[in-house]
Amino acid sequence: MKNFLETKRLIIKPPSISDVELVYSLDSDPDVMRYIGNGYPRSREESLSWYEKSIKHFEKYGFSFGLVFEKETGEFIGRAGINYNAYDDSQPDIEIGYRLYKKFWNKGYATELADALVEWGFKNLKIDKLCGFSHPDNRSSCRVLEKIGMHFIGIDKYSDEKIVRYEILRVDIKTSGVSI
């Protein structure tokens with residue numbers, strides 16, 4: 001299957017059921033999941049359920065959260081993508097997101113991915129806004145969203161958990177470094 005997106009150093013491949021063990025490995029890592037959902041690693045069943053939503057979303061819309069690999073090594077480093085918030089297409093928010101294994105933090109990968117996803121979203125979707133969400137204590141993720149030009153909107157709730165909401169508008173991209 002063709003890659004969903006490539007950056008200078010990374011490849012995002014579309015979600016495929018053949019990769020479910022990679023996804024479960026990522027979702028079961030306590031460091032990765034510390035600020036995602038309820039803050040705990042996911043069970044195999046929870047991981048599969050969420051991953052099946054990614055696959056169905058990709059089949060329906062042609063975009064979703066995929067698997068991220070380093071170009072140089074081919075190593076699986078995490079997941080990233082763009083989708084309707086919580087895979088719920090009955091609401092208008094389309095979000096970008098990323099989660100990487102700890103050994104790949106602080107290499108600029110999250111910023112590289114987020115920037116490329118914003119560019120892809122505005123080039124390929126008829127939208128005027130993209131969102132990013134983070135746990136309030138995950139300052140690293142918030143900094144990534146700020147670096148790519150997203151604006152802090154406020155505090156929201158998701159599944160009884162507080163999250164911070166960021167947005168970038170199509171008109172903002174001229175100042176964000178994203179080129180479309």
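Helices (H or I, at least four residues) and strands (E, at least two) are taken here as DSSP runs, numbered from the N terminus. With that in hand, the protein chain reads along its sequence as β-β-α-α-α-β-β-β-α-β-α-β-β-α, with six helices and eight strands. Please keep in mind that this is a predicted model, in which local features need pLDDT of at least 70 and side-chain atom pairs count only at pLDDT 80 or more, while totals for chains, interfaces and linings use all residues. Residues are numbered from 1 along each chain as its sequence is written, and side-chain values use heavy atoms, with hydrogens and water left out.

**Overall dimensions**

The radius of gyration of the protein chain (taken over C-alpha atoms) is 15 Å, close to the 16 Å that the globule rule gives for 180 residues, so the chain is as compact as a globular protein of that length. The globule rule is 2.2 Å times the number of residues to the power 0.38. Along the principal axes, the C-alpha atoms fill a box of roughly 40 × 35 × 35 Å.

**The sheet**

Let us turn to the strands, where two strands pair if DSSP finds at least two bridges between them. Eight strands make an open sheet with mixed pairing, in the order E1-E2-E3-E4-E5-E6-E8-E7. Strand E1 (5-6) and strand E7 (151-158) stand at the edges with a single partner strand each, so one side of each is left without a neighbour in the sheet.

Here are four of the antiparallel pairs.

| Strands | Bridges | Opposite residues |
|---|---|---|
| E1 and E2 | two | Glu6 and Ile11 |
| E2 and E3 | four | Ile12 and Val68 |
| E4 and E5 | seven | Tyr84 and Ile94 |
| E7 and E8 | seven | Gly154 and Arg165 |

Two of these pairs are hairpins: E1 and E2 have three residues between them, and E7 and E8 have two. In the turn of the E7 and E8 hairpin, Ser159 has a positive phi of about 50°.

Positive phi values also turn up in loops, in residues other than glycine. Tyr87, with phi near 60°, lies in the loop between E4 and E5. Asn106, with phi near 65°, has its place in the loop between E5 and helix H4 (109-124).

**Helices on the sheet**

Axes are lines fitted to C-alpha atoms, for helices over the stretch in contact, and angles run from 0 to 180 degrees between N-to-C directions. Helix H1 (residues 20-27) lies across strand E3 (65-70), E4 and E5, and runs at about 95° to E4. Helix H3 (residues 44-61) lies across E3, E4 and E7, at about 55° to E4.

**How H1 meets H3**

Two packed helices are described by the angle between their axes and the distance between the axes. For H1 and H3, the angle is about 120° and the axes are 9 Å apart. H1 and H3 are therefore oblique to each other; angles under 35 degrees count as roughly parallel, over 145 as roughly antiparallel, 65 to 115 as roughly perpendicular and the rest as oblique. Their crossing is right-handed, a term used if the near helix is turned clockwise from the far one by less than a right angle.

In this contact (heavy atoms within 4.5 Å), Val20, Glu21, Val23, Tyr24 and Asp27 of H1 meet Arg44, Ser47, Leu48 and Tyr51 of H3. These residues divide into five nonpolar, one polar and three charged. Ala, Val, Leu, Ile, Met, Phe, Trp, Tyr, Cys and Pro count as nonpolar, Asp, Glu, Lys and Arg as charged, and the others, Gly among them, as polar.
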